[in-house]
Structures are given as structure tokens and as C-alpha cells.
Amino acid sequence: MTQPVPLRAHKLSANAALCVSGFNLIAPDSPAIEAMTDFFRVNVVSIGPAATVDEANARMISRGVRLLMVVGKDDEVVGLITARDILGEKPLQVAQARGGKRGELSVADLMTPIGGIDTLALDDVLRARVSDILDALKQLGRQHILVEDSDPLSGQPRVRGLFSATQIGRALGVPVLGFDLPRTFAEIEAALVN
């Protein structure tokens with residue numbers, strides 16, 4: 001058992017400045033793993049396929065994420081849904097095609113099913129650089145890409161983490177906003193040249 005460490009509080013120093021974090025934490029040639037959201041360290045945010053679009057949006061807002069893993073029974077991944085899926089044109093198009101309303105749509109109506117989800121193998125990620133991940137995202141025309149490995153105990157495949165173009169942009173010091181992927185990648189590329 002570890003012994004408690006006695007801590008002594010003191011008053012904040014008069015000349016203290018704020019620590020600026022979140023920018024320039026990585027570089028294009030940094031190991032890709034440094035830019036990955038690792039679900040071994042960070043809890044994945046998930047939702048069931050029967051949840052409403054509004055419930056999914058509320059969960060994203062409350063958890064500060066733009067992607068939810070859609071899980072079925074036994075936490076098996078059945079798809080994913082992004083903020084773009086919920087807030088873009090897709091909900092209106094699906095609702096109009098069905099003759100219904102946006103609020104009547106479920107996550108299952110808008111999610112990308114498991115067969116359409118692009119992934120990278122963790123072994124490949126461990127050999128890659130951040131610029132390689134950005135190239136892969138750009139080629140795929142995706143905002144996110146998942147990383148898969150195998151559970152060491154069961155040998156079953158599992159989602160280990162994900163990469164987000166927006167998160168990588170922020171870590172590179174590029175404030176990226178919106179859903180416009182070509183613009184997002186242009187902003188990141190322009191920052192990398194400077």
C-alpha cells in the first residue's frame with residue numbers, strides 16, 4: 001500500500017501566467033499514436049441504435065464529442081454516428097424521403113453501419129506519423145477514422161481508438177471549425193507549410 005504524501009497549499013504567485021495547452025502539441029512528423037484518442041485511456045462515448053437523433057445530439061453536446069459509437073447488445077459495435085450526420089442535410093433528406101419529421105428519426109436511420117466504417121490497424125498506426133494519418137483521412141474524405149486491435153485476453157477485434165481531423169488540427173495549432181472537409185484539410189495543410 002502506498003503512503004499518503006502530505007501536500008502543502010500556498011497562495012498563487014503574483015506573477016503567475018496561464019499555461020497554454022492544446023496547441024502545437026504535435027508536429028506532422030510526430031508519431032501518429034500521439035494524436036490518437038486512445039479508448040484504453042479515455043472512455044468511449046456510445047449510444048444505442050434506437051435512440052433518437054435529438055438524444056444523440058444531446059449526448060454529443062454533454063460529453064463534448066462529435067462522434068458516438070453505436071453499440072448493440074453486449075456492447076458490440078454496430079455503427080457510428082457523427083455530428084455531421086445529425087446536423088447536416090442527411091436527417092432532412094431521410095425524413096423527407098420517408099414522409100416523416102426529423103425528430104422521428106433514430107440513430108439507426110442515420111448512422112454509418114459497421115460495414116461502412118474505415119479503420120486502421122494499431123500495428124500500422126504505431127509505425128505511422130501524424131502526416132500519414134492526415135493523408136489517409138484526406139484520401140478517404142473522412143473527418144474520423146477508427147483504430148482497431150485485438151483484445152489480448154479474448155483475441156477478439158476491438159475498437160482501440162480514433163483519429164479526428166479537427167482534433168489533429170487543434171493539436172497542430174490550427175483552429176478548425178465546421179463540417180467543410182476540403183476547407184478543414186486546406187487549413188491544416190496551410191499551417192503545416194508555414
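**Exercise 1. Overall make-up**

How many helices and strands does the secondary structure of the protein comprise? Work this out, and then describe burial, contacts and surface.

*Solution.* Before the count, the basis should be stated: this is a predicted model, in which local features need pLDDT of at least 70 and side-chain atom pairs count only at pLDDT 80 or more, whereas totals for chains, interfaces and linings use all residues. Residues are numbered from 1 along each chain as its sequence is written, and side-chain values use heavy atoms, with hydrogens and water left out.

Step 1. The secondary structure comes to 8 helices and 8 strands, where helices (H or I, at least four residues) and strands (E, at least two) are DSSP runs numbered from the N terminus.

Step 2. Of the 194 residues of the protein, 35% count as buried; here buried means under 20% relative accessible area, exposed means over 50%, and partly exposed is in between, with a 1.4 Å probe and protein chains only.

Step 3. Taking contact to mean heavy atoms within 4.5 Å, one finds that 57% of the contacts between residues at least 6 apart in sequence join residues at least 24 apart.

Step 4. The protein exposes about 12400 Å², of which carbon and sulfur atoms supply 54%; accessible areas come from the Shrake-Rupley method with a 1.4 Å probe, and for residues only the protein chains shown count as cover.

**Exercise 2. The nonpolar cores**

Identify which residues touch the most other members of the largest nonpolar core, and which elements contribute to that core.

*Solution.* Step 1. A nonpolar core is a set of buried Ala, Val, Leu, Ile, Met, Phe, Trp, Tyr and Cys residues joined through side-chain atoms within 4.5 Å. The largest has 19 residues, and Ile26, Phe163 and Ile168 touch the most other members.

Step 2. Two or more residues each are given to this core by helix H5 (122-125), helix H6 (130-140), strand E7 (144-150) and helix H7 (165-171), and H6 gives the most, with 4 residues.

Step 3. Leaving aside residues up to four places away in sequence, isoleucine 26 touches Glu34, Ala35, Val130, Ile168, Ala171 and Leu172.

Step 4. Another core, of 17 residues, lies apart from the largest one, and among its members are Val45, Ala51, Val53 and Ile81.

**Exercise 3. Buried faces of three helices**

For H1, H3 and H6, determine which residues are buried and how they are arranged about the helix axis.

*Solution.* Step 1. In helix H1 (residues 53-63), Val53, Ala56, Asn57 and Met60 are buried. They cover an arc of only 100° around the axis, which puts them on the same side of H1; the arc is that of the directions from the helix axis to the C-beta atoms. The cover over these residues includes strand E2 (46-47), strand E3 (67-71), strand E4 (77-82), H2 and H4. Just after H1, glycine 64 takes a positive phi of about 65°.

Step 2. In helix H3 (residues 90-98), the buried residues are Pro91, Val94 and Ala95. Viewed down the axis, they fall within an arc of 100°, so they line one face of the helix. The face turned away from this buried side carries the exposed residues Leu92, Gln96 and Ala97, while helix H2 (83-87) and helix H4 (107-110) are included in what covers the buried ones. Glycine 99, just after H3, takes a positive phi of about 70°.

Step 3. In H6, Val130, Ile133, Leu134, Ala136 and Leu137 are buried. Because their directions fall within an arc of 160° about the axis, they line one face of H6. Glycine 141, which follows H6, has a positive phi near 70°.

**Exercise 4. Loop residues**

Where do aspartate 74 and aspartate 75 lie, and are they buried or exposed?

*Solution.* Step 1. Aspartate 74 lies in the loop between E3 and E4, and aspartate 75 has its place in the loop between E3 and E4 as well.

Step 2. Aspartate 74 is exposed, with a relative accessible area of 77%, and aspartate 75 counts as exposed at 62% relative accessibility.

Step 3. Most residues other than glycine have a negative phi. Aspartate 74, however, has a positive phi near 60°, and aspartate 75 has a positive phi near 55°.
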